[in-house]
Amino acid sequence: MISETDAIYQIYLRNFTKEGTFRAAIPQLAHIASMGFTWVYLTPIHPIGKEARKGSLGSPYAIYDYRAINPELGTLVDFEAFVEAAHASRLKVMIDVVYNHTSPDSVLAREHPDWFLKGPDGKPARKCEDWSDVVDFDFAASPHLWVELISTLAMWRDRGVDGFRCDVASLVPADFWKQARTRVNQYDPGVRKELRPLVWLAESVHPAFLRRMRSEGYGACSEPELHAAAFDLTYDYDGWERLEVKKVKKRGQTPIFKYFEYLYAQETLYPKGAKKLRFLENHDQERAASRFGRGDMLKAWTVLYQFLPGVALTYMGQELALEHRPSLFERDPIEPSGGDPHFEQFFVSSLKATTEAKREAPFFSWSIFDDDAVFCLRSTAPAREATPIEEAMVKSGNYLLIARAGGGGRGQTSRAARLLAPFDIHGTELLSGEPVNYPCGSDIPPSPALLVRLGN
């Protein structure tokens, strides 16, 4: 299993350093750990197919050979050195698993064309036409496909990998994931536990995409189905869809209200122990700094997403407020020198403070005021209701976050709007280290985010 106090740092090796290799990334691992991260997640590390490539170098998600290392990144020895260095820095390593599809010229497409979905012309096809550089597996085609893919996972487990991030997991049968986890994690029914407890993260999909795939006659798993089958974590795209402003505003409600309202569904409809991956950006999404700017709104959302129930994901360079998202198909290294060192200090302080809150106070409740200020409480005991925050719970030992994450334009929060304390707030503000005392009805300072450890 994975804890809420874990934090994942995503690396796209091709563009993480100027060299774009395992060896070049190794010196960065100690710094990643020092920021408070406990995992590094690597986008696919395998050779890329040449047929139907996107861009000059191709997408790492159009894999040619699951059992090999992309020579552009280094060798198997280099990969093993990376894993060893990560473990020495007390970081666990997660690799990307892309089992919905391969490149059209992949080893498996060449050797076992019968394992693939067929189009009207009888040739290998795909479910989503936009993914023009891949062909999809047909998991009903042969049990030998399942055996091959699961044995490949076991091979990488034995190379020291601690977990798998499973790309577009929703489009792969739940029964496959269940069997894969049982075998790779070596579940022992006699003692009712896993002998090799690797962590499994599902890239679930937007509900709109899930609905579309099902309407077209394809199997597609929801988050509860994925958790029940195999996964410790699923992506937050079911919640993320509610933050997409254009869709939500058409319904007459603010995105942040709709998002928080859905947290209750995630808490109550998923299996017990299921966790969500919280993120502001990843390799598929625009940079948070490009959407929010480098100002107050970015700070507010940074603390908020780290504080929410679940595990926080950070994409390489996000901690520096980088605005340019590296190309998935070309050499386009990030430029740390173009980042904001002051924001990095804020980011690290925020991650440290929110990790403390998650460790000490596991229960979550919330209130929204004027569609702008979000009050989130982490408590040592469960509240009777998820919302609003019970005044009796605002007490010593709990943690209160006040984030102005709901209003303003790019880079702007509604800091000018007056915000009054809805109850007595006393304690230590963890992002500054300063004591705070806001009696009920008094003005709360116009800060983008305040995270208070409540108490005397």
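1. Strand E2 (residues 39–42) is covered on both faces in this predicted model. Trp39 and Tyr41 are buried on one side of the strand, while Val40 and Leu42 are buried on the other.

2. The pairing of E2 involves two further strands. Strand E1 (residues 7–11) runs parallel to E2, and the two are joined over 4 bridges; within this pair, Ile11 stands opposite Leu42. Strand E3 (residues 92–97) is likewise a parallel partner of E2, again over 4 bridges, and here Val40 stands opposite Val93. Leu42 and Val40, which face Ile11 and Val93 respectively, are the two residues buried on one side of E2.

3. The largest nonpolar core holds 124 residues, and the members that touch the most others are Ile32, Phe79, Phe164, Phe176, Trp177, Trp200 and Phe260. Helix H14 (residues 296–307) supplies the largest share of this core, with 8 residues. A second core, separate from this one, has 18 residues, including Ala373, Leu377, Tyr438 and Ile444. As a general matter, nonpolar side chains tend to be buried together in soluble globular proteins.

4. Phe176 deserves a separate entry. Beyond its neighbours within four places in sequence, Phe176 is in contact with Tyr99, Phe139, Trp146, Leu149 and Ile150.

5. Helix H8 (residues 207–215) has Phe209, Leu210 and Met213 as buried residues. Viewed down the helix axis, the buried residues of H8 fall within an arc of 105°, and they therefore line one face of the helix. The face turned away from this buried side carries Arg211 and Ser215, both exposed. The general geometry is relevant here: an α-helix has 3.6 residues a turn, so residues three or four places apart point the same way. After H8 comes Gly217, which has a positive phi, near 95°.

6. Leu210, one of the buried residues of H8, counts as buried because its relative accessibility is 12%, and the limit is under 20%. Setting aside residues up to four places away in sequence, Leu210 touches Val205, Ala220, Cys221 and Ser222. The C-alpha atoms of Leu210 and Asp238 are 9.9 Å apart in space, with 28 residues separating the two in sequence.

7. Asp133 merits inspection. This residue is found in the loop between helix H5 (107–111) and strand E5 (135–136). Asp133 is buried yet has no salt bridge. The nearest side chain of opposite charge belongs to Lys54, at 4.3 Å; the salt-bridge criterion requires a side-chain nitrogen within 4 Å of a carboxyl oxygen. Lys54 is nevertheless among the residues that Asp133 touches, residues up to four places away in sequence not being counted. The others are Glu51, Ala52, Ser59, Ala62, Thr102, Ser103 and Pro104.

8. Ser367 lies in strand E13 (residues 363–369). With a relative accessibility of 6%, Ser367 counts as buried. Outside its neighbours within four places in sequence, Ser367 is in contact with Ala373, Val374, Phe375, Thr387, Pro388 and Ile389. Among these contacts, Ala373 is also one of the members of the second nonpolar core. Ser367 and Phe16 are 351 residues apart in sequence, and their C-alpha atoms are 39 Å apart in space.

Note on methods
Residues numbered from 1 in each chain as written. Predicted model: local features only at pLDDT ≥ 70, side-chain atom pairs only at ≥ 80, totals over all residues. Heavy atoms only, no water. Core = buried A, V, L, I, M, F, W, Y, C linked by side-chain atoms within 4.5 Å. Buried < 20%, exposed > 50% of the residue type's maximum accessible area, 1.4 Å probe, protein only. Contact = heavy atoms within 4.5 Å. Arc of directions from axis to C-beta. Lys, Arg positive; Asp, Glu negative; His and termini not counted. Pairing = 2+ DSSP bridges.
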